[in-house]
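Here's a quick tour of a protein with its ligand. Have a look at the structure, then read on.

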Amino acid sequence: MGYTPADDGREVFAEILSEPLDGGDFTVRHWRDDDIAPALALVDDELRRRLGFPAGLDETTARDLLLQGGAVTIADAGTDLPLGGMRVFLHDGGAVEFGYWLGPDGRGRGLASRGLQLLSDRVVAALDPARLELRTGVGNEPSERVAARAGYTRVGPEPPLVYPGGRVVETTLWVREP
Ligand SMILES: CC(C)(COP(=O)(O)OP(=O)(O)OC[C@H]1O[C@@H](n2cnc3c(N)ncnc32)[C@H](O)[C@@H]1OP(=O)(O)O)[C@@H](O)C(=O)NCCC(=O)NCCS
């Protein structure tokens, strides 16, 4: 659950995040329609390279990706503008998986690990999952640092992800006990 607009867990995630989570200098909240244009402005070459976004990411695609139950933004606490985002996926069997990304201005101040911790705490309290999971792109050192700092243990290589358009991304699985 949490993968596609047809299976996005909207009811579950609406309840878990009925109020924004307070991270001090940031909040974690659901995306809104007025976030789409500022979110698109965050997409740089690093995000295209790491996440396999198509070069011409447009508003329709961004809406499909962001206005989903399991998608949240990490927003600046002062301006409420998006700095990046996270995703939650609920796997069959009780595992919960997280993903994260930041625009250029949000990087380098520990926001991803702090956002991940805040969201994980909320998900664990609400859903009592069996296991927490992450998948980092092979060679993505900043993402690996986030995973390690958030208490995840490296398991090993996963079957490659194939993105629309045929791009293949090799990933590493990380797990954490709740
Ligand atoms: C991955 C990402 C979310 C990290 O978020 P962040 O909040 O900037 O991360 P942090 O500030 O906590 O830095 C993470 C660590 O990576 C290190 N780091 C930063 N850039 C680095 C680089 N180019 N090479 C190696 N390490 C790097 C930092 O020093 C820090 O190390 P520390 O934990 O030992 O202090 C961010 O870089 C990003 O959005 N990247 C593009 C999208 C992406 O790759 N998402 C993950 C997909 S698996």
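The notes below cover the ligand's surroundings and then the sheet.

## Around the ligand

Keep in mind that this is a predicted model. In it, the ligand has 23 residues around it, and Leu102, Gly108, Gly110, Asn140 and Arg149 come closest. Sort that shell by class and you get nine nonpolar, seven polar and seven charged residues.

Which elements build the shell? Helix 3 (45-51), strand 5 (95-102), helix 5 (111-127), strand 6 (131-137) and helix 6 (141-149) each put in at least two residues. Helix 6 is the top contributor, with six.

## Polar contacts to the ligand

Two backbone spots sit next to each other in the numbering here. A polar backbone atom of Gly108 is 2.7 Å from a ligand oxygen, and a backbone N or O atom of Arg109 is 3.2 Å from an oxygen of the ligand. From a side chain, Arg145 brings an N or O atom to 2.9 Å from a ligand oxygen. As for cover, the ligand has 960 Å² of accessible area on its own, and the protein hides 72% of that.

## The sheet and helix 5

Now for the sheet: it's open, with eight strands in the order 1-2-3-4-5-6-8-7 and mixed pairing. Strand 1 (21-22) and strand 7 (153-162) are the edges, each pairing on one side only.

Strand 4 (residues 82-90) and strand 5 run antiparallel, joined by seven bridges. Across from Val96 in strand 5 you'll find Leu90. Helix 5 packs on the sheet, touching several strands, including strand 2 (26-30), strand 3 (71-76) and strand 8 (168-176). Its direction makes about 155° with that of strand 5.

Definitions and conventions:
Residues are numbered from 1 along each chain as its sequence is written. This is a predicted model: local features need pLDDT of at least 70, side-chain atom pairs count only at pLDDT 80 or more; totals for chains, interfaces and linings use all residues. Side-chain values use heavy atoms; hydrogens and water are left out. A residue is near a molecule or strand if one of its heavy atoms lies within 4 Å of it. A polar contact is a pair of N or O atoms within 3.5 Å; within protein, one must be able to donate a hydrogen and the other to accept it, and residues adjacent in sequence count only if both atoms are side-chain atoms. Accessible areas come from the Shrake-Rupley method with a 1.4 Å probe; for residues, only the protein chains shown count as cover. Helices (H or I, at least four residues) and strands (E, at least two) are DSSP runs, numbered from the N terminus. Ala, Val, Leu, Ile, Met, Phe, Trp, Tyr, Cys and Pro count as nonpolar, Asp, Glu, Lys and Arg as charged, and the others, Gly among them, as polar. Two strands pair if DSSP finds at least two bridges between them. Contact means heavy atoms within 4.5 Å. Axes are lines fitted to C-alpha atoms, for helices over the stretch in contact, and angles run from 0 to 180 degrees between N-to-C directions.
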